Amino acid sequence: MDDMSCNGCGASITPGEHSVKFKCPACGEMIVRCSKCKITSNNYTCKKCGFVGP
Ligand SMILES: [Zn+2]
Ligand SMILES: [Zn+2]
């Protein structure tokens with residue numbers, strides 16, 4: 001099971017939520033942002049390499 005949490009605010013991602021997934025531009029690690037952070041364009045931090053992006 002995937003236990004994912006938002007890379008922006010740390011909230012757990014619930015199935016069916018309009019979250020966005022993409023790969024870290026620096027290291028390729030999967031980044032997840034919840035719908036709230038997507039709307040507010042909250043910054044995310046890569047858990048693996050520490051990359052911070054909008
Ligand atoms: Zn979030
Ligand atoms: Zn990274």
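Colleague: Is Asn7 buried or exposed in this model?

Modeller: The model is a predicted one. Asn7 belongs to the segment before strand 1. Its relative accessible area is 9%, and a residue under 20% counts as buried. Asn7 is therefore buried.

Colleague: Which backbone oxygen does the side chain of Asn7 reach?

Modeller: Beyond its neighbours within four places in sequence, Asn7 is in contact with several residues, among them Met30, Asn43, Tyr44, Thr45 and Cys46. From one of these contacts comes a polar partner, since the side chain of Asn7 lies 3.2 Å from a backbone oxygen and the limit for a polar contact is 3.5 Å. That oxygen belongs to Thr45.

Colleague: Which residues are the protein donors of the zinc ion (ligand 2)?

Modeller: The donors follow the spacing C-x2-C-x18-C-x2-C along the chain. Each donor is an SG atom, lying 2.3 Å from the zinc ion. The residues are Cys24, Cys27, Cys46 and Cys49.

Colleague: Why is the arrangement around the zinc ion (ligand 2) described as tetrahedral?

Modeller: For four tetrahedral donors the ideal angle at a metal is 109.5 degrees. An arrangement of four donors counts as tetrahedral if all angles lie between 85 and 135 degrees. Around this zinc ion the four donor atoms meet that condition, because they subtend angles of 104 to 113 degrees.

Colleague: How many residues apart are Cys24 and Cys46, two of the zinc donors?

Modeller: Both are donors of the zinc ion (ligand 2). Cys24 sits in the loop between strand 1 (20-23) and strand 2 (30-33), whereas Cys46 sits in the loop between strand 3 (44-45) and strand 4 (52-53). The pair thus links distant parts of the chain, 22 residues apart.

Colleague: Are Cys24 and Cys46 buried or exposed?

Modeller: Cys24 has a relative accessible area of 5%. For Cys46 the relative accessibility is 2%. As the cut-off is under 20%, both residues count as buried.

Colleague: What is the geometry of the aromatic pair formed by Phe22 and Tyr44?

Modeller: The structure holds two aromatic pairs. In the pair of Phe22 and Tyr44, the rings are 5.1 Å apart centre to centre, with 70 degrees between the planes. Because planes over 60 degrees apart count as such, the pair is edge-to-face.

Colleague: Which residues do the ring pairs link into a cluster?

Modeller: Phe22 lies in strand 1 and Tyr44 in strand 3, so their pair ties together parts 22 residues apart in sequence. Tyr44 also forms a tilted pair with Phe51, at 6.3 Å centre to centre and 40 degrees between the planes. The cluster consists of Phe22, Tyr44 and Phe51.

Methods: Residues numbered from 1 in each chain as written. Chains lettered and ligands numbered in written order. Predicted model: local features only at pLDDT ≥ 70, side-chain atom pairs only at ≥ 80, totals over all residues. Heavy atoms only, no water. Donors = N, O, S within 2.8 Å, 3.2 Å for Na, K, Ca; no water. Tetrahedral: all angles 85-135°; square planar, octahedral: opposite > 155°, others 65-115°. Helix = DSSP H or I, 4+ residues; strand = E, 2+ residues; numbered from the N terminus. Buried < 20%, exposed > 50% of the residue type's maximum accessible area, 1.4 Å probe, protein only. Polar contact = N/O pair within 3.5 Å; in protein donor to acceptor, adjacent residues only side chain to side chain. Contact = heavy atoms within 4.5 Å. Phe/Tyr/Trp six-rings, centres within 6.5 Å; stacked < 30°, edge-to-face > 60°.
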